[in-house]
Structure formats: structure tokens, C-alpha cells
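Please walk through this protein model with me, moving from its overall make-up to its interior, its helices, its charged pairs and its surface.

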Amino acid sequence: MTDSQPPTTRPRIGLIMPAYNEADRIEQTLGSVSRYWADGAKLSRIYLADDGSTDSTITIADHAARSLDLPLEILRLRHRGKAWTVRTAMLQVAASTDLDYLMMLDADDELRIDQLDRVVWSADPRTIYIGRRSGTSADNSGAKASPFRRVMSGVMRLASGLLLGIHFRDTQCGFKLFPRALAADLFGQQRSTSWTFDAELLLIAHGISGIPVSEVDVTWSPRGASKVGLLAPISSGFALLGTALNRARGLYRPIGLPRVAVAGAATSPLPTSPPTSSTGARRAGS
């Protein structure tokens, strides 16, 4: 197979959905996943990474999975925020499976799972795929973002380009696929606890390591009030500045190279995975 030829078989994909207090929306989300699952073997594993929810997210998810006969595994994690929830789940699943790709998808069903069919698979197995939200797509019309969200998106694009040197239209879209073989090295270097952690990952993967990134047009359909606060532009700017300083200090290394290959990395240990509140994953219905 040459670089110009796409893979002959679809990669095996594990779906990881980070969730925090999504009791009002998780049943609909799992319904969408179940319909996609029933339409064909397009997913190999399904995980709900619960960020220490204080509502009935886990109970509702468990009941819905049983009712839908959906093989859902629930990762019960301490409340540390989305960045650390995604990091922990990615590291756990990468270490315990032999899947080809790990997919991050927000659990609010604002980005439907069936848009996975829009991915045009590359011959390069290192390729990372990231969604970019648009008002319309080939087969659906999505909602338009609010003026505040449009401003936030513009700020993120500008700041990511100026501070990190990465130029993607939508770094924060909750629709991403990472090669499992790279997950431990990539997420193991993640330091950001901010909601801008996506930009940090893209910096490490693409800006520093030269990993190819393919953008996928997806339709976004908002449900409920936005969780993005009015101070988000300021906090995001400081978070991206922190990531830029980490890069200047040599705390990131190209994926696949030993830590000692980067100046200062040997004396700056990477953060360890935060502890979980349970012993691991549980299969719904067991």
C-alpha cells in the first residue's frame, strides 16, 4: 500500500465520550450511538468517561444501555474537568485494547456519531482526524453559532496561530480521532487542565511531531445552554500562553522520541494519570 492509497479495511474504533452532569441529554446521545451501532459494525468499543458527575448521569446511562442492548463500558473517574477526563480515558483504553483509533466525542449529542461516515481515511495510519463545525454540510443544516461563540472561535484561531503556530479552523470541536498507537505518547505529554487542551494536543502532534491532521466537516446542532462563560476568552488566552511557555521550556518532545532527546525533559517529569474512583471499566448489563 502506497501513501496515495486509502486503507482497504475500516479502522477499528473505540468511542470515548467524556461526560459531566449530562443526565438531561445522555439518553438521547446513547440512542444516537445505538442506532449507529445497529446499522453496522462501525465501532468496536463504546465508553462513557464520567467526570465524577453529581447527578444521575451514570444511572440513566446504565439503564439506557441495558434497554438499548448497547455494550457500553462506564469509566468512573474523579471530578477533574474535561481535560483530565479525556486524558485518563484515552490512556486507560489505549493500554487495555488493540484498537486502531480512539474517538473523542462529546456526550451531549450536539455532534452526531453518524458523521463518522464523513471521514476520508488516509493511507497514513498516523493521521489524526478533527471535526470542524459548519452551518451546513452535504446532507444536513446545522444551527448557526451565537455571536459570542463566533467571537470565541475567532479568538481561538488567532491565539492558536500566534502563540502555538497551529492553524486549524476549529481546534475545540468535540469530534476527534487519534491513532491508538500514538495515544500513550501524545496524551502522556498533556499538561493542560484548561478546555484548550485540544490545542495543546495538536501542537504536540502536528506542530512538534509533524503528524498529519485531516479536518472533517461536521454539522453542529446545539442542545441546551452553552457552558462557555463570558470570561472564557481571557482564561483561554492565558492557558494558550502557558502552553506556549511550556514549549519554549522544552517540556514537549516529538512523539516517538525518548524524553532525554528534548532539552530539559529529563528533569521535568510529565504528570501522571489521576486516580479513579473505581477499579476500572464496567460493561453495562453485566
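Among contacts between residues at least 6 apart in sequence, 82% join residues at least 24 apart. This is a predicted model, and its secondary structure comes to seven helices and eight strands. Of the 286 residues of the protein, 50% count as buried, while the accessible surface comes to about 13,000 Å², with 55% of that area belonging to carbon and sulfur atoms.

The interior can be entered through the largest nonpolar core, which has 40 residues and in which Ile-16, Met-90, Leu-102, Ile-128, Leu-186 and Phe-187 touch the most other members. Apart from this core lies another, of 34 residues, with Met-17, Leu-30, Ile-113 and Trp-220 among them. To follow one of the residues named for the 40-residue core, Leu-186 is in contact with Ile-128, Phe-178, Leu-201, Ile-204, Ala-205 and Ile-255, once neighbours within four places in sequence are left aside. Leu-186 is also one of the buried residues of helix α5 (residues 180-187), where Leu-182, Ala-183, Asp-185 and Phe-187 are buried as well. The partners against which the buried residues of α5 pack are the helices α3 (82-96) and α6 (197-208) together with the strands β4 (101-105), β5 (128-134) and β6 (175-179).

Strand β4, one of those partners, contains Met-103, which counts as buried because its relative accessibility is 0%. Not counting residues up to four places away in sequence, Met-103 touches Ile-13, Gly-14, Leu-15 and Ile-16, further Met-90, Ile-113 and Leu-116, and finally Phe-175, Lys-176 and Leu-177. Met-103 and Leu-43, which are 60 residues apart in sequence, have their C-alpha atoms 9.7 Å apart in space.

Helix α1 offers a check on geometry as well as on packing. Its 13 residues (26-38) should span 18 Å at 1.5 Å a residue, and this agrees with the model because the end C-alpha atoms are 18 Å apart. The buried residues of α1 are Ile-26, Thr-29, Leu-30, Gly-31, Ser-32, Val-33, Ser-34 and Tyr-36, and what covers them includes the strands β1 (13-19), β2 (45-51) and β3 (72-77) as well as helix α2 (57-68). After α1 comes Gly-40, whose phi is positive, near 155°.

Turning to charged side chains, a search of the whole structure finds 17 salt bridges. In one of them, Glu-110 pairs with Arg-25, with the closest N and O atoms 3.5 Å apart. This pair links distant parts of the chain, since Glu-110 sits in the loop between β4 and β5 and Arg-25 in the loop between β1 and α1, 85 residues apart. Both Glu-110 and Arg-25 are buried.

How far apart are the closest N and O atoms in the salt bridge between Arg-132 and Asp-217? The distance between them is 2.7 Å, and because Arg-132 lies in strand β5 and Asp-217 in strand β7 (residues 213-219), the pair ties together parts that are 85 residues apart in sequence. Arg-132 counts as partly exposed at 23% relative accessibility, and Asp-217 is likewise partly exposed, at 34%.

A local pair is found in helix α2, where Arg-66 and Asp-62 lie four residues apart, about one turn of the helix. An α-helix has 3.6 residues a turn, so residues three or four places apart point the same way. The salt bridge between Arg-66 and Asp-62 has its closest N and O atoms 3.1 Å apart. Arg-66 counts as partly exposed because its relative accessibility is 43%, whereas Asp-62, at 14%, falls under the 20% cut-off and therefore counts as buried. Salt bridges also link Arg-10, Asp-39, Lys-42 and Asp-117 in a network.

The surface has nonpolar ground too, in a patch of about 730 Å² made by Leu-158, Leu-162, Leu-163, Ile-234, Phe-238, Leu-241 and Leu-245. The elements that give two or more residues to this patch are α4 (147-164) and α7 (232-248), and α7 gives the most, with four residues. Leu-245 lies in helix α7 and counts as partly exposed because its relative accessibility is 49%.

Terms used
Residues are numbered from 1 along each chain as its sequence is written. This is a predicted model: local features need pLDDT of at least 70, side-chain atom pairs count only at pLDDT 80 or more; totals for chains, interfaces and linings use all residues. Side-chain values use heavy atoms; hydrogens and water are left out. A nonpolar core is a set of buried Ala, Val, Leu, Ile, Met, Phe, Trp, Tyr and Cys residues joined through side-chain atoms within 4.5 Å. Buried means under 20% relative accessible area, exposed over 50%, partly exposed in between (1.4 Å probe, protein chains only). Contact means heavy atoms within 4.5 Å. The expected span of a helix is 1.5 Å times one less than its number of residues. Patches are made of residues with over 30% relative accessible area and no salt bridge: like charges are joined within 9 Å, nonpolar side chains (Val, Leu, Ile, Met, Phe, Trp, Tyr) within 5 Å. Accessible areas come from the Shrake-Rupley method with a 1.4 Å probe; for residues, only the protein chains shown count as cover. A salt bridge is a side-chain nitrogen of Lys or Arg within 4 Å of a carboxyl oxygen of Asp or Glu.
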